[in-house]
Amino acid sequence: MSERVIIFDFDGTCTVPTTGADESFLHAHQAGFAELLGKTPGWAEAVYAQARLLICANPEHYGWEINGQIVAPALVDAFVEAQVCAQIILKKLGEDVQSWEVRLNELYQKNYLLYQTVFRPELLTVFRELRALGTPFYIVTNSDPAKVQKRLEALGDDAQWISPLVRGFAKKFLVTPGPENVPEYTFFPGLHRPVKLRKQHYYDVLTGIMEVHQVSWNKLTVIGDIAELDLAPPVAMGSYGHLVLGPNTPIFEKQWAETHPRVSTIHDLRQGII
C-alpha cells in the first residue's frame with residue numbers, strides 16, 4: 001500500500017507551450033478547417049481572428065463545447081482555442097456544432113503530433129526523484145497514449161521507464177450521467193456557469209490506478225494546468241490538487257485553486273511533490 005500517488009496531466013503540465021508551436025498548430029488547424037468547408041486558408045485565418053476577439057471581450061462566456069455543454073475555458077491552450085474558434089465560426093455559418101464534433105476531433109488528432117514538444121526543465125528531476133523515493137506516479141492524458149509515448153522519446157533513455165506510466169483516453173472533457181456518487185457540478189469564483197464534475201471515463205482511469213496501489217481519494221494528488229478538466233473532478237471526491245499556472249490560466253481557475261482547502265497554485269512541478 002502506498003502513502004500517496006501522484007497524477008500528472010501531460011500537455012501544459014509536463015510540457016510548456018511556446019509561441020512558435022502554438023502558432024504552427026493554430027495555422028495547421030485553420031488550414032484543415034478551411035479545407036473541410038471548401039474555403040481558403042486566408043479566409044480561415046481572418047474568421048479565427050474575429051472569433052478570438054469575441055472570446056477576449058467576454059472570456060467567461062465562451063468555452064470548448066462537447067454535446068452542447070462547455071467543458072473547458074476557451075483560451076487556456078492552443079488546442080482548446082482552435083476548437084472553440086472553429087465552433088464559434090460554425091455557429092455563425094448556421095452549422096450544427098454537435099454534428100461537427102467528430103470532424104473537429106479528427107482535425108485536432110491530425111495536427112497533434114506536429115506540435116513541437118518542449119518539456120518543463122524540471123520534469124526529469126521531478127520524475128527521477130519520485131522514482132528514487134518509490135512514490136508511484138502516472139501521466140493521465142486525454143490523448144492517445146501511443147502519441148504521448150512517441151513525444152516522450154525526446155527524453156532519451158528515461159523514456160523507457162516513463163512511457164509505461166502513461167494512461168490515455170481519459171476523456172476529461174466528456175460529461176456523463178455518472179458516477180452517481182460524484183457531485184453533478186461545482187462553481188468557480190467569478191464564473192457564471194457550473195463546472196461539471198461527472199466524468200465516468202476519467203474516474204475509471206483514476207480509480208483503476210487507486211485500486212492497484214490500494215489508496216483512497218485523500219491519498220491522490222493531481223497536478224494539471226486546467227482546473228476544470230484536470231483537478232475539479234478528483235478534488236470533488238477528496239483528492240488534493242495543484243494548478244500549474246501559465247500565461248493563459250483564467251482568473252476564475254486561479255481564484256478557485258487559491259481558495260480551495262485542498263488545492264494550491266504552483267509555477268514549478270517541484271512545488272507539487274514537496
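The following legends accompany close-up views of a predicted model.

**View 1. Strand E8 and its two parallel neighbours.** Strand E8 spans residues 220-224, and 5 of its 5 residues are buried, so the strand is largely enclosed by the rest of the structure. In a regular strand the side chains alternate between the two faces of the sheet. Leu220, Val222 and Gly224 lie on one side of E8, Thr221 and Ile223 lie on the other, and both faces are covered. Strand E1 (residues 5-8) runs parallel to E8 and is joined to it by 4 bridges; Ile7 has Val222 as its bridge partner in E8. Strand E9 (residues 240-244) also pairs with E8 in the parallel sense, over 4 bridges. Here the bridge partner of Ile223 is His242 in E9.

**View 2. The largest nonpolar core.** In soluble globular proteins, nonpolar side chains tend to be buried together. The largest nonpolar core of this model comprises 65 residues. Ile7, Phe8, Phe127, Val140, Leu152 and Trp256 have the most contacts inside this core. Helix H8 (residues 200-213) gives the most to the core, contributing 6 residues. A second, separate core holds 29 residues, among them Ala44, Leu90, Leu107 and Leu174.

**View 3. The surroundings of Trp256.** Trp256 is one of the residues with the most contacts inside the largest nonpolar core. When neighbours within four places in sequence are left aside, Trp256 is in contact with Phe187, Phe188 and Pro189. Its other contacts on this basis are Ala227, Leu231, Ala232, Val235 and Val263.

**View 4. The largest pocket.** The volume of the largest pocket is about 600 Å³. Its lining consists of 29 residues, and Trp64, Asn105, Tyr108, Asn142 and Phe173 lie nearest the centre. At least two lining residues each come from strand E2, helix H3 (78-92), helix H4 (101-112) and helix H9 (227-236). The largest share, 6 residues, is supplied by H4. By residue class, the lining of this pocket contains 13 nonpolar, 7 polar and 9 charged residues.

**View 5. The second largest pocket.** About 250 Å³ of space lies in the second largest pocket. Of the 19 residues that line this pocket, Gly12, Pro17, Val76, Asp77 and Asp225 lie nearest its centre. The lining divides into 9 nonpolar, 5 polar and 5 charged residues.

**View 6. Backbone features in the loop between E5 and E6.** Pro179 is found in the loop between strand E5 (166-167) and strand E6 (185-186). The peptide bond leading from Gly178 to Pro179 is cis, with omega near 5°. Lys171 lies in the loop between E5 and E6 as well. Phi of Lys171 is near 50°, a positive value in a residue other than glycine. Because its relative accessibility is 31%, Lys171 counts as partly exposed.

**View 7. Asn67 in the loop between E2 and E3.** Asn67 lies between strand E2 (63-66) and strand E3 (69-73), in the loop that separates them. The phi angle of Asn67 is near 55°, which is positive although the residue is not glycine. With a relative accessible area of 40%, Asn67 is partly exposed.

Conventions. Residues are numbered from 1 along each chain as its sequence is written. This is a predicted model: local features need pLDDT of at least 70, side-chain atom pairs count only at pLDDT 80 or more; totals for chains, interfaces and linings use all residues. Side-chain values use heavy atoms; hydrogens and water are left out. A nonpolar core is a set of buried Ala, Val, Leu, Ile, Met, Phe, Trp, Tyr and Cys residues joined through side-chain atoms within 4.5 Å. Buried means under 20% relative accessible area, exposed over 50%, partly exposed in between (1.4 Å probe, protein chains only). Contact means heavy atoms within 4.5 Å. On a 1 Å grid over the protein atoms alone, a cavity is a set of points where a 1.4 Å probe fits but cannot get out, and a pocket is an open set with protein on both sides within 12 Å along at least five of seven lines; lining residues have an atom within 4 Å of a point. Grid points are joined across faces, edges and corners, and a volume is the space filled by probe spheres set on the points. Ala, Val, Leu, Ile, Met, Phe, Trp, Tyr, Cys and Pro count as nonpolar, Asp, Glu, Lys and Arg as charged, and the others, Gly among them, as polar. Two strands pair if DSSP finds at least two bridges between them.
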